[in-house]
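Hi,

I hope your week is going well. Here is the structure I promised to pass on, and my notes follow below it.

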Amino acid sequence: MSNSNVKSTTEKLLLDVQGNTAILTINNPPANTWDDESLPALKKLIEDLNADLDIYALVVTGQGDKFFSAGADLNKFADGDKAVARHMARIFGEAFETLQAFRGVSIAAINGYAMGGGLECALACDIRIAEAQAQMALPEAAVGLLPCAGGTQNLSWLVGEGWAKRMILCGERVTAEKAEKIGLVEEVVGKGEALATAIALAEKVAKQSPVAVSACKTLVHNARGNNSLAVGCMQERELFVDLFHTQDQKEGVNAFLEKRKPEWKNA
């Protein structure tokens with residue numbers, strides 16, 4: 001077990017730490033919706049996990065066996081208050097952008113419906129594992145809204161413009177099987193198996209140098225931008241050399257040569 005002192009500031013987000021893996025459970029029944037209490041708490045939690053160098057990976061899942069998360073609580077938008085809309089859009093964006101920038105590897109264990117902001121939460125993670133019964137959608141346009149927490153951007157990047165338009169413009173809901181085919185999720189498992197599968201994958205992260213993982217993740221994310229391939233390759237070389245300023249680089253190479261398990265310093 002880790003000695004992590006990171007705590008959640010709300011009962012709507014449950015945190016458990018197993019070794020080098022933090023397990024975050026969205027706990028707001030009946031549909032695990034996000035609100036103005038849980039979103040700032042998520043941002044704070046990720047920031048605290050970033051500061052805990054014993055944490056290498058983060059698994060996000062939903063409480064219960066029906067919902068990963070149904071997204072925003074639409075009661076917040078019922079009266080058409082623009083100030084409320086601006087506030088909610090801001091805290092949604094800040095929370096999921098912080099999740100996306102998490103220092104380690106984040107894995108969404110999609111254990112049921114992932115709708116709207118729920119799917120945007122999963123999209124902000126590095127890897128998505130879905131249970132066979134899970135369904136995913138960005139249905140905001142059906143209620144006169146749009147995905148405002150990275151949905152239009154991240155979905156397009158993962159599945160391409162055509163499927164992003166089908167899901168966002170046509171309101172098409174996809175099954176876990178279809179999601180895997182179009183690249184929305186990386187793996188489909190049986191009902192009740194997503195969390196264990198995600199934790200097992202997270203444990204593999206602990207075998208990697210945390211410093212190297214963080215650098216690699218930065219480069220992969222940079223590839224989404226407008227940088228040319230030449231710029232991206234140059235950044236790769238620069239960050240590669242930067243790793244030689246770290247203890248982990250020396251430990252990793254020498255552990256391999258000495259045929260032993262590395263002891264990462266995350267420094």
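To start with the strands: how many bridges join β4 to strand β6, and do they run parallel or antiparallel? There are two bridges between β4 and β6 (residues 113–115), and the strands run parallel. One of the pairings puts F67 opposite Y113, its bridge partner in β6. Please keep in mind throughout that this is a predicted model.

Those two strands belong to an open sheet of four, ordered β4-β6-β8-β9, in which the pairing is mixed. The edges are taken by β4 (67–69) and β9 (174–175); each has a single partner strand, so one side of each has no neighbour in the sheet.

Elsewhere there is a hairpin, made by β1 and β2 with two residues between them. Here β1 (residues 13–18) and β2 (residues 21–26) run antiparallel and are joined by six bridges. Q18 has T21 in β2 as its bridge partner. If you look at backbone angles, check G19 in the turn, where phi is positive at about 65°.

Now to the domains. The domain assignment splits the chain into domain 1 (13–206) and domain 2 (210–258). Their centres, taken over C-alpha atoms, are 27 Å apart. On the contact itself, domain 1 contributes 10 residues and domain 2 contributes seven.

The size of an interface is often expressed as the accessible area lost when the parts come together. For domain 1 and domain 2 the buried area is about 770 Å², with 54% of it coming from carbon and sulfur atoms. On the domain 1 side, Q100, R103 and W157 provide 55% of the area buried against domain 2, more than any other three residues.

As for specific interactions, one salt bridge is found across the interface of domain 1 and domain 2. There is a salt bridge between D126 and K217, whose closest N and O atoms lie 2.9 Å apart. Between the two domains, four residue pairs are in polar contact. On the side of domain 1 that touches domain 2, β5 (105–110) and α4 (151–169) are the elements that give two or more residues. The residues on that side comprise four nonpolar, four polar and two charged.

That is everything I have for now. Happy to talk it through whenever suits you.

Best wishes

Technical notes:
Residues are numbered from 1 along each chain as its sequence is written. This is a predicted model: local features need pLDDT of at least 70, side-chain atom pairs count only at pLDDT 80 or more; totals for chains, interfaces and linings use all residues. Side-chain values use heavy atoms; hydrogens and water are left out. Domain bounds come from an automatic or database domain assignment. Contact means heavy atoms within 4.5 Å. Buried area is the accessible area (1.4 Å probe) that two parts lose on being put together, summed over both. A salt bridge is a side-chain nitrogen of Lys or Arg within 4 Å of a carboxyl oxygen of Asp or Glu. A polar contact is a pair of N or O atoms within 3.5 Å; within protein, one must be able to donate a hydrogen and the other to accept it, and residues adjacent in sequence count only if both atoms are side-chain atoms. Ala, Val, Leu, Ile, Met, Phe, Trp, Tyr, Cys and Pro count as nonpolar, Asp, Glu, Lys and Arg as charged, and the others, Gly among them, as polar. Two strands pair if DSSP finds at least two bridges between them.
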